[in-house]
Amino acid sequence: MKSRASVATWSYVLLSWWTRLSMTGRSRHRLRIRRSVVRTPCSWSVRNSTRDYRVNIRNHVTVSTNEIEKEELITDWTPKPLVDDVVQSHHPALRPHIVSSKAGKFIEVDGQPCLNMATHNYLGLQGNEDIEASAIKTLKKYGVGSCGPRGFYGTVDVHLDLEEKLAQFMKMEEAVVYSYGFSTIASAIPAYAKRGDILFVDCKVNFAIQKGLDASRSRIHYFKHNDMDDLERLLKQQAELDRKNPSKAQIMRRFLIVEGIYMNSGKICPLPHLIELKKKYKLRIFIDENISFGTLGKHGRGVSEYFNIPVDEIDLIVSSMEWALATIGGFCVGSSFIVEHQRLSGLGYCFSASLPPLLATAGTTALSLMEKDPSMFETLQTQCRYVQKAFSSLSEFNLEGDEDSPVKHLYLKNNYNNSEEELILLNKIVDHCIENGLALVTSAYLNDVEKFVPRESIRLTVNRMLTASEIDKAVIVLHDACTSDPLLQKRDIPA
């Protein structure tokens, strides 16, 4: 109360001063009241055209601010650095590998031709001549970008053609296309799940799903990776709470969110068990099929076809087009009632510029190639099984991932004191492999942001263009990289 009274008193003094100046014909002097940058706890500054005053409200002192004091303030001020000092000098971001070719079966890294087991070119469509020709034709007709979101003059006929083609391919009622793969699942989740809802989520979901969970503001329960017993334990606990509070349970929606193939483990979700729990506990199930789309099933339709489960059992299928289809963007497929809701509620759909037309045409052409030659999926799965068998023979690593998955992880067998030490060794192994003609990458995670940070690993990707002899050679290169590193030998890893 005392401080408020002081402010009111001085406000009255300043107002009286201004009135006096106006009455004496000095109203041409413009007065400004502003917060002072001087280090007084509660100060006001009054300035006219000739002099600058600083009034300290607590001490009732008026001081003239001259140029010397201003210079002292500037001299004493130390700006905060925009970027903190780099502590991890070995961080991969500080020494990136330079790619100077298309990321096809072979890739040129740091000037070295390499067999590519690093990028997600599962079907080998990257650099396909038919896809490139259709994209160039569309580029000449429509230009580069659509210059607007889908709902604001950003929709072109090729977008509608792609959505229709995706819905037909997946045997669903409707599809919606996003301009960026990451934003697809990150927008789809909060479009349906809101505050007060409850989400049951696998603990190893990818970072895009985690961002969607944050945006939903829902209550989240994580269950152990692919552990159906742990999931049912959580569902039983929730069912017991619902019986105690039926009015709240009646308005609460429940979602189950999983991946078809998990990026962070390479494992396939147990979809039949998930569908059983969905029916038993009345859940809505969303599946992120970034990896499984175009890789699993007789026709590449994903994990539902792989387990021979009708697609209408799944509420929403979400996938990126940036891997199997060799283009950019993402899509959601489901019933018209569910998908149409995203056209007004999907943030990535409503507020992002639409997918460039040439990329939409590339996606349509890739789908046509997949329909024309379904044998590519069988070939890919054969190579995935061969990679599983060949790399399992490495005594220096533990291989994780299902045999039909095109993404697998290699973990060092020995335990290390911390992830930083392990990452240094893995990067040395990757560098050695690149120097000897094998392109690999270490898995990358945001340690300070992600909910559950997986262990450091080398991530393998498989494409259908690989041959058995090339895979065998890759195993030899990786083995030599481990045995040539003195740090690994010091750990007494068996040869």
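# A guided tour of the predicted model

Begin by selecting strand 12 (residues 316-320) and strand 13 (residues 330-334), which run antiparallel and are joined by five bridges. The model on display is predicted. Within this pairing, locate Ser319, whose bridge partner in strand 13 is Phe331. Next, add strand 11 (residues 284-288), which runs parallel to strand 12 and is joined to it by three bridges. Here Phe286 has Leu316 of strand 12 as its bridge partner.

Keep strand 12 selected and show its side chains. Leu316, Val318 and Ser320 on one side are buried, as are Ile317 and Ser319 on the other, which leaves both faces covered. Because five of its five residues are buried, strand 12 is largely enclosed by the rest of the structure.

**The whole chain**

Now return to a view of the entire protein chain. Its secondary structure comprises 19 helices and 18 strands. Of its 495 residues, 49% count as buried. The chain exposes about 25,500 Å², of which carbon and sulfur atoms supply 55%. Among contacts with a separation of 6 or more, 65% are between residues 24 or more positions apart.

**The nonpolar core**

Select Leu271, Phe391, Phe397 and Leu478. Of the 121 residues in the largest nonpolar core, these four touch the most other members. The core draws at least three residues from each of domain 1 (97-122 + 374-484) and domain 2 (129-372).

Centre the view on Phe397. Beyond its neighbours within four places in sequence, Phe397 has contacts that include Leu410, Leu412, Leu426, Ile429, Ile458, Leu478 and Cys482.

**Strand 15 and its partners**

Select strand 15 (residues 407-412) next. Six of its six residues are buried, so strand 15 is largely enclosed by the rest of the structure. Val407, His409 and Tyr411 lie on one side, with Lys408, Leu410 and Leu412 on the other.

Add strand 14 (residues 397-400), which pairs with strand 15 in the antiparallel sense over four bridges. In this pairing Leu399 stands opposite Leu410. Six residues lie between the strands of this hairpin, in which Gly401 takes a positive phi near 135°. Then add strand 18 (residues 458-461), which is antiparallel to strand 15 and joined to it by four bridges. The partner of Val407 in strand 18 is Thr461.

From here, move to Gly266, in the loop between strand 10 (254-259) and helix 10 (271-281). Is Gly266 buried or exposed? At 0% relative accessibility, Gly266 counts as buried. Leaving aside neighbours within four places in sequence, its contacts are Ile261, Gly401, Asp402, Ser405, Val407 and His409. Display Arg459 as well: its C-alpha atom is separated by 9.1 Å from that of Gly266, although the two are 193 residues apart along the chain.

**An open sheet**

Select strands 5, 6 and 16, which form an open sheet in the order 5-6-16 with mixed pairing. Strand 5 (106-109) and strand 16 (438-439) stand at the edges, each with a single partner strand, so one side of each is left without a neighbour in the sheet. Strand 6 (residues 112-116) pairs with strand 16 in the parallel sense over two bridges. Leu115 stands opposite Leu438 of strand 16.

**Helix 6 and the salt bridges**

Turn to helix 6 (residues 181-192), where eleven of the twelve residues are buried, so the helix is largely enclosed by the rest of the structure. The buried residues include Ile185, Ile189 and Tyr192.

The model has 19 salt bridges. One of them joins Asp197 and Arg253, with the closest N and O atoms 2.8 Å apart. Asp197 lies in the loop between helix 6 and strand 8 (198-202), and Arg253 in the loop between helix 9 (246-251) and strand 10, so the pair ties together parts that are 56 residues apart in sequence. Asp197 is buried at 4% relative accessible area, whereas Arg253 is partly exposed at 30%.

For a salt bridge inside one helix, select Glu240 and Arg243, whose N to O distance is 2.6 Å. Both lie in helix 8 (residues 228-244), three residues apart, about one turn of the helix. Glu240 is partly exposed at 35%, and Arg243 is exposed at 55%.

Finally, select Glu313 and Lys279, which meet in a salt bridge of 3.3 Å, N to O. Glu313 lies in the loop between helix 11 (303-306) and strand 12, while Lys279 lies in helix 10, 34 residues apart. To close, display Arg150, Glu163, Glu174, Glu340 and Arg343, which are joined into one network by salt bridges that share partners.

Definitions and conventions. Residues numbered from 1 in each chain as written. Predicted model: local features only at pLDDT ≥ 70, side-chain atom pairs only at ≥ 80, totals over all residues. Heavy atoms only, no water. Buried < 20%, exposed > 50% of the residue type's maximum accessible area, 1.4 Å probe, protein only. Pairing = 2+ DSSP bridges. Core = buried A, V, L, I, M, F, W, Y, C linked by side-chain atoms within 4.5 Å. Domains from an automatic or database assignment. Contact = heavy atoms within 4.5 Å. Areas by Shrake-Rupley, 256 points an atom, 1.4 Å probe, with all protein chains shown as cover. Salt bridge = Lys/Arg side-chain N within 4 Å of Asp/Glu carboxyl O.
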